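Trainee: Could we go through how the labels in a structure are earned? I would like to see the reasoning behind each one.

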Amino acid sequence: FIQGHGERLWRTIRLGVLTSLIGFSALLFSGFPGLAQLGLFAVTGILTAALVTWGVLGPTVRQAPVAVPPRLARFLGSALPVMRRYHRLTPIAAVAALALAAALSARGHELWEPSLSALSPIGEASKALDTTLRSDLKAPDMRFVVAVTATGADQALAGAARAGNLLQPLVEGGILGGFDSPSKLLPDRDTQRRRQDLLPEPAPLRALVEDATGGTPLKADKLAPFAADVAQSRQLAPLGLDDIAGTALGLGVDAMMVSTPHRTTAILPLRPPAAGPHSGNIDATAVRAALTGYPGPGAIHLVDIRSESEALYKQYLDEARLLSGAGVALIVAVIALFPSRPAAGTRRRLYRVVVPIGAALMCVVAGLAAAGIGLTILHLVGLLLTVAVGSNYTLFFIDNDDDDPRLLASLTLANATTTVGFGVLSFASVPVLNAIGMTVGPGAWLCLMFAAMLSHRRAHA
């Protein structure tokens with residue numbers, strides 16, 4: 001709407017779209033479903049917007065319908081030469097930001113946040129309140145659980161009962177504060193049958209009732225319904241998961257059972273002791289030693305959910321960093337192999353594209369590190385988005401050797417909407433919005449500033 005329609009413009013747009021698609025296509029190969037979905041969403045949106053712009057807006061808007069205000073054109077035309085005088089600040093800023101981040105890291109500041117809790121939308125005050133309430137209610141902290149895996153639900157319930165027998169001495173010794181088990185709510189079928197067999201038969205039960213009521217106002221025949229219920233209970237079929245489905249008891253059991261087509265796992269959450277030498281903590285070594293006596297069949301494991309989750313998150317983060325690096329490398333290769341303007345030299349073009357983006361990324365990372373904010377996988381997505389947006393700014397500046405006021409105005413407007421739109425998200429309390437906002441907002445603005453500083457005006461005869 002500002003630049004109009006022209007072959008030079010489309011040449012730059014095509015390259016910009018290609019670099020953005022490459023950057024976000026890298027996320028499609030992530031094993032983390034959220035990143036893969038985000039990559040698919042971004043690729044689909046960019047490709048659709050490009051096709052609509054080319055197929056609908058291109059034929060419709062042959063000339064720019066919006067005129068650039070003369071004052072804005074004069075301001076941009078005079079501001080750009082001033083910014084070019086400080087072109088040496090761009091590599092200096094990149095090196096200084098890199099040095100600051102390295103210095104903070106050397107002093108013990110973790111550049112990348114290793115804990116999965118950094119992605120939690122729950123505030124620290126709410127986390128502390130949750131910990132206090134769990135302690136008061138003697139609820140499991142859900143960090144350590146014992147997982148008993150078997151071929152079916154009934155076998156898993158039996159295994160949970162055997163695991164409970166191994167854990168009970170730890171409770172009595174003060175090493176554990178207690179544990180929950182699905183077998184406490186629903187015993188396995190063999191246990192239910194053994195308990196049925198312990199119920200007395202009708203004749204012995206009648207004798208016990210008469211003996212208990214002898215010499216009391218209560219007549220034995222008044223307890224006939226009780227004897228009938230006991231006799232009926234001896235004949236009942238054992239209960240299974242299907243029999244208690246949809247009940248309060250069923251909800252309690254389902255919360256501690258994980259079923260797949262080929263196996264079922266019973267989960268036994270552990271509670272730390274409230275007093276004594278192990279107060280507030282669980283001795284994982286003692287628990288593992290106790291579980292070595294598990295008789296089977298099936299498998300039993302002590303699972304540290306927090307450690308396993310953080311290890312899984314680190315794996316996803318390492319993978320995302322590798323994919324993002326590969327995407328950036330491909331973007332650089334595409335810019336080198338497919339210039340937006342054939343006359344531009346490859347070395348100078350790469351310098352004017354890579355250095356501004358690199359300087360912007362380094363400044364954002366250093367700023368976050370200086371503020372004590374550890375980078376998460378969400379910040380990494382924001383950095384990748386900054387590369388995708390910033391590469392478009394630099395490509396347009398490469399093709400603007402004559403300081404076209406329309407181009408300068410359109411880039412300024414695009415950057416303002418991007419900076420404001422993402423900058424507002426930096427005030428959000430939701431981590432995914434906050435992380436992307438505080439990364440892309442300043443990153444996009446810095447990309448434009450550094451690209452303008454390194455822009456070059458063609459000398460006219």
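Mentor: Here is a short talk about burial, strand pairing and salt bridges in this predicted model.

Trainee: What makes Arg271 buried?

Mentor: Buried means under 20% relative accessible area. Arg271 has 17%, so it is buried.

Trainee: Why is Asp180 called partly exposed?

Mentor: Its relative accessible area is 26%. Partly exposed lies between the limits of 20% and 50%, so Asp180 belongs there.

Trainee: How do you know that Asp180 and Arg271 form a salt bridge?

Mentor: Their closest N and O atoms are 3.0 Å apart. The cut-off is within 4 Å, so the pair counts. Asp180 sits in the loop between β2 and α7, and Arg271 in strand β4, so the salt bridge ties together parts that are 91 residues apart in sequence.

Trainee: What makes strand β4 largely enclosed by the rest of the structure?

Mentor: In β4, 8 of the 8 residues are buried, so the strand is largely enclosed. Both faces are covered: Thr264, Ala266, Leu268 and Leu270 are buried on one side, and Thr265, Ile267, Pro269 and Arg271 on the other.

Trainee: How do you know that β1 pairs with β4?

Mentor: Pairing needs at least two bridges, and 6 join these strands, so they pair. They run antiparallel, and Val146 has Leu268 as its bridge partner in β4.

Trainee: And what makes β2 a partner of β4?

Mentor: Here 2 bridges join the strands, so the requirement of at least two is met. Gly178 has Arg271 as its bridge partner in β4.

Key:
Residues are numbered from 1 along each chain as its sequence is written. This is a predicted model: local features need pLDDT of at least 70, side-chain atom pairs count only at pLDDT 80 or more; totals for chains, interfaces and linings use all residues. Side-chain values use heavy atoms; hydrogens and water are left out. Buried means under 20% relative accessible area, exposed over 50%, partly exposed in between (1.4 Å probe, protein chains only). Helices (H or I, at least four residues) and strands (E, at least two) are DSSP runs, numbered from the N terminus. A salt bridge is a side-chain nitrogen of Lys or Arg within 4 Å of a carboxyl oxygen of Asp or Glu.
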